Amino acid sequence: MLKKALFAATAILSLAAGAANAADLKEFRVGILGGENETDRLRNYACLADHLKQEFGFEKVSLFPAADYDGVIQGLLGGTLDFAELGASGYASVYIKDPKAVTPILTTQQKDGSTGYYSIGLALKSSGIKTIKDAKGKKLGYADPDSTSGYLVPLTQIPKDTGMPNDKFFASTQFNGGHENNLLAAYDGKVDVAVDDSSGIGDFKDGYTSGTFRKEVDKGAVDPNKLVEVWRSPLIPNGPLVVRNALGEEWQKKLTAFFTALPEKDHKCFAAIEGGDYKGYSPVKHDFYNAVVEVRKAAIGG
């Protein structure tokens, strides 16, 4: 009995210490997904770091631009990151490995009010490819193994349009190190079709309202007049902003309120970190991603 009491007391003290540490958080560590060059990512997130310091009094806000999606996933699982915005498949990967690691709090909301986006296939207009069926025997470019729109969805949904698995329909498939690199691979003729994320709303000539295509058009890296959309997926759930559960529910509430207010407080900063023209953030729970978790389990695992 005494032994059980001591164990119980130790557990209570440990929980109390954890809560105190979370309450006295001095450094806040933000993971940034790979897929865009590091300089651009750090520049876009600098305003967020400033707002977080001002709002919560952190001594330091550390930004970690991972080389790939898995870097952020492992950081959240290992407790070296406190917060990140993930794609739906990346979140599914974290959840499959450890359901208690993070909590999704918010997701982005498109200008039309929807909380979904698309995987689109882009090809050079000069290639003569007009639909995905025209790309038989060609090269398909993927973004990242943990990307939803850049891998999981094209892997499972393109075959529904072509009638064949991708590794049979295309001459070859390859990962190009993130969304930006993938789109540029198609633009430079290294692959025939690149799959990437897009709001799918607005004008094609603008790169639509948000997504990698929009970012590259805004930067002047691609000319949309030289590209054509050859495939579009069903609607995909927008990825979540997640908070490491070890921080506790109080921090989840604080960060939810902070990010909910950000689009109105500093829309320029909000647009910079999200990469396009969004309406704002919308509350989200794990159930929103159940279908993606199941598809990931079946197709590629954790």
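**Briefing: fold, helix H7 and an aromatic cluster**

In this protein, the 35 positive charges (Lys and Arg) and the 38 negative ones (Asp and Glu) have mean positions 3 Å apart. Each charge is placed at NZ of Lys, CZ of Arg, CG of Asp or CD of Glu, and His and the chain ends are not counted. Keep in mind that this is a predicted model, where local features need pLDDT of at least 70 and side-chain atom pairs count only at pLDDT 80 or more, while totals for chains, interfaces and linings use all residues. Residue numbers start from 1 along each chain as its sequence is written, and side-chain values use heavy atoms, with hydrogens and water left out.

**Overall build**

- The protein has 11 helices and 12 strands, taken as DSSP runs (helices H or I, at least four residues; strands E, at least two) and numbered from the N terminus.
- Its radius of gyration is 21 Å, close to the 19 Å from the globule rule for 302 residues, so the protein is as compact as a globular protein of that length. That radius is taken over C-alpha atoms, and the rule is 2.2 Å times the number of residues to the power 0.38.
- The C-alpha trace spans about 75 × 45 × 30 Å along its principal axes.
- Take the contacts (heavy atoms within 4.5 Å) between residues at least 6 apart in sequence: 77% of them join residues at least 24 apart.

**Surface and burial**

- About 13,800 Å² of the protein is exposed, with carbon and sulfur atoms supplying 53%; the areas come from the Shrake-Rupley method with a 1.4 Å probe.
- Of the 302 residues, 50% are buried, meaning under 20% relative accessible area.
- Helix H7 (residues 179-187) is mostly covered, with 7 of its 9 residues buried.
- Those buried H7 residues include the charged Glu-180, along with His-179 and Tyr-187.
- Just after H7 comes Gly-189, with a positive phi near 80°.

**Aromatic pairs**

- There are 21 aromatic pairs, counted when rings of Phe, Tyr and Trp (its six-membered ring) have centres within 6.5 Å.
- Phe-58 and Trp-251 have ring centres 5.4 Å apart and planes at 25°, so they are stacked (under 30 degrees).
- Phe-58 sits in the loop between helix H2 (38-56) and strand S2 (60-65) and Trp-251 in helix H9 (residues 249-265), so this pair ties together parts 193 residues apart in sequence.
- Both Phe-58 and Trp-251 are buried.
- Phe-259 and Tyr-281 have centres 6.0 Å apart and planes at 90°, so they are edge-to-face (over 60 degrees).
- Ring pairs join these four residues into a cluster whose members also include Phe-28, Phe-83 and Tyr-278.

Technical notes
Buried means under 20% relative accessible area, exposed over 50%, partly exposed in between (1.4 Å probe, protein chains only).
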